[in-house]
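Q: Please take a close look at one part of this structure, the place where its domains meet, and then set it beside the cysteines and the charged pairs of the chain.

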Amino acid sequence: MTEQLRLMAVHAHPDDESSKGAATMAKYVSEGVDVLVVTCTGGERGSVLNPRLQGDPYIEENIHEVRRKEMDEAREILGVQQEWLGFVDSGLPEGDPLPPLPQGCFALEDVDEAAGRLVRSIRAFRPQVITTYDENGGYPHPDHIMTHKITMAAFDGANDAEKYPEAEFGPLWQPLKLYYNQGFNRPRTQALHDALLERGLESPYGDWLKRWDEFQRAERTLTTYVPCADFFETRDKALIAHRTQIDPDGGWFRVPMEIQKEVWPTEEYELARSLVDTTLPEDDLFAGIRDNA
């Protein structure tokens, strides 16, 4: 190794980093990799999903501050660095027809201008690998889709002196690989569901699998399976730190840990861009990079 390995995970809201790829990040931190979580918004419009905290007047009046403190705790648990891009949460519009997005929110920003903030972070941190969401956002939240758009623009823009001049955005840098988080995939969900039923246990995934069929959701190409079962407990602790967003008695935690580790001990990714040679499937986000670092 002649250069430090660095991984950047770009997420829409505080808590996304702990529900998508958290065990992978904790694993790489344990191996000495520098890991930076970039959080695009403050999560100001996120609903309080933990029934124990709903109706709390302090939380309702200070949700931005509360979610920052939750992020600080999750960051410490995972051992990662973290920074905010400073955009305003767009909220998840509901209804038919959908209401317009609020003025000034992240999803209404100009993509190239918003990507400039991420370009600054990329050039400063110099990651070889970046993870984010696919073009559907993982699920169709406008902030997740916008996160995808600015990450794709910044992946190339970080090495574009004409669009993002060095005098304003810092020295050029070209990341080498970009991945989409695909931890919520059909094979994993089916495998855990079947394992629970085989053991005579209740599965929280029955409705999920039905909705998969109803929505005819296209299967993604899983290219990379990172073994990280030793860090599943760390992942769960980080997720629980986001108290306003996560019900500790909810479906996230209903699969016994020993079954998770036995049946599906990896987190999955889709390789979207690579400027290095690699062989698929992979078990390492830095495949093709380590030997040349």
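A: In this predicted model, the count between domain 1 and domain 2 is zero residue pairs in polar contact, where both residues must reach pLDDT 80 or more. On the side of domain 1 that touches domain 2, the residues divide into four nonpolar, three polar and two charged. Although two charged residues are found on that side, the rule finds zero salt bridges across the interface of domain 1 and domain 2.

The two parts are set out by the domain assignment of the chain, which gives domain 1 as 6-184 + 222-258 + 265-287 and domain 2 as 186-219. Their C-alpha centres lie 25 Å apart, and the contact itself involves nine residues of domain 1 and eleven residues of domain 2. The size of an interface is often given as the accessible area lost when the parts come together. For domain 1 and domain 2 this buried area is about 720 Å², and carbon and sulfur atoms give 62% of it.

Salt bridges are nevertheless found in the model, where the count by the rule comes to 20. One of them joins Asp16 and Lys20, whose closest N and O atoms are 3.0 Å apart. Asp16 has a relative accessible area of 4% and is therefore buried, and Lys20 also counts as buried, because its relative accessibility is 14%, under the 20% limit. Another salt bridge pairs Lys69 with Glu65, with 3.1 Å between the closest N and O atoms.

The cysteines can be read in a similar way, and for disulfides the count comes to zero. The cysteine sulfur closest to that of Cys40 belongs to Cys105 and is 13 Å away, which is too far for a bond, because a disulfide requires the two sulfur atoms to be within 2.5 Å. Cys105 is accordingly in no disulfide, its nearest cysteine sulfur being that of Cys40. Cys40 is buried, with a relative accessible area of 0%, and Cys105 counts as buried at 1% relative accessibility.

Returning to the part that was asked about, the interface of domain 1 and domain 2 is described by a buried area of about 720 Å², with zero salt bridges across it and zero residue pairs in polar contact at pLDDT 80 or more.

Technical notes
Residues numbered from 1 in each chain as written. Predicted model: local features only at pLDDT ≥ 70, side-chain atom pairs only at ≥ 80, totals over all residues. Heavy atoms only, no water. Domains from an automatic or database assignment. Contact = heavy atoms within 4.5 Å. Buried area = accessible area lost by both parts, 1.4 Å probe. Salt bridge = Lys/Arg side-chain N within 4 Å of Asp/Glu carboxyl O. Polar contact = N/O pair within 3.5 Å; in protein donor to acceptor, adjacent residues only side chain to side chain. Nonpolar A, V, L, I, M, F, W, Y, C, P; charged D, E, K, R; others polar. Buried < 20%, exposed > 50% of the residue type's maximum accessible area, 1.4 Å probe, protein only.
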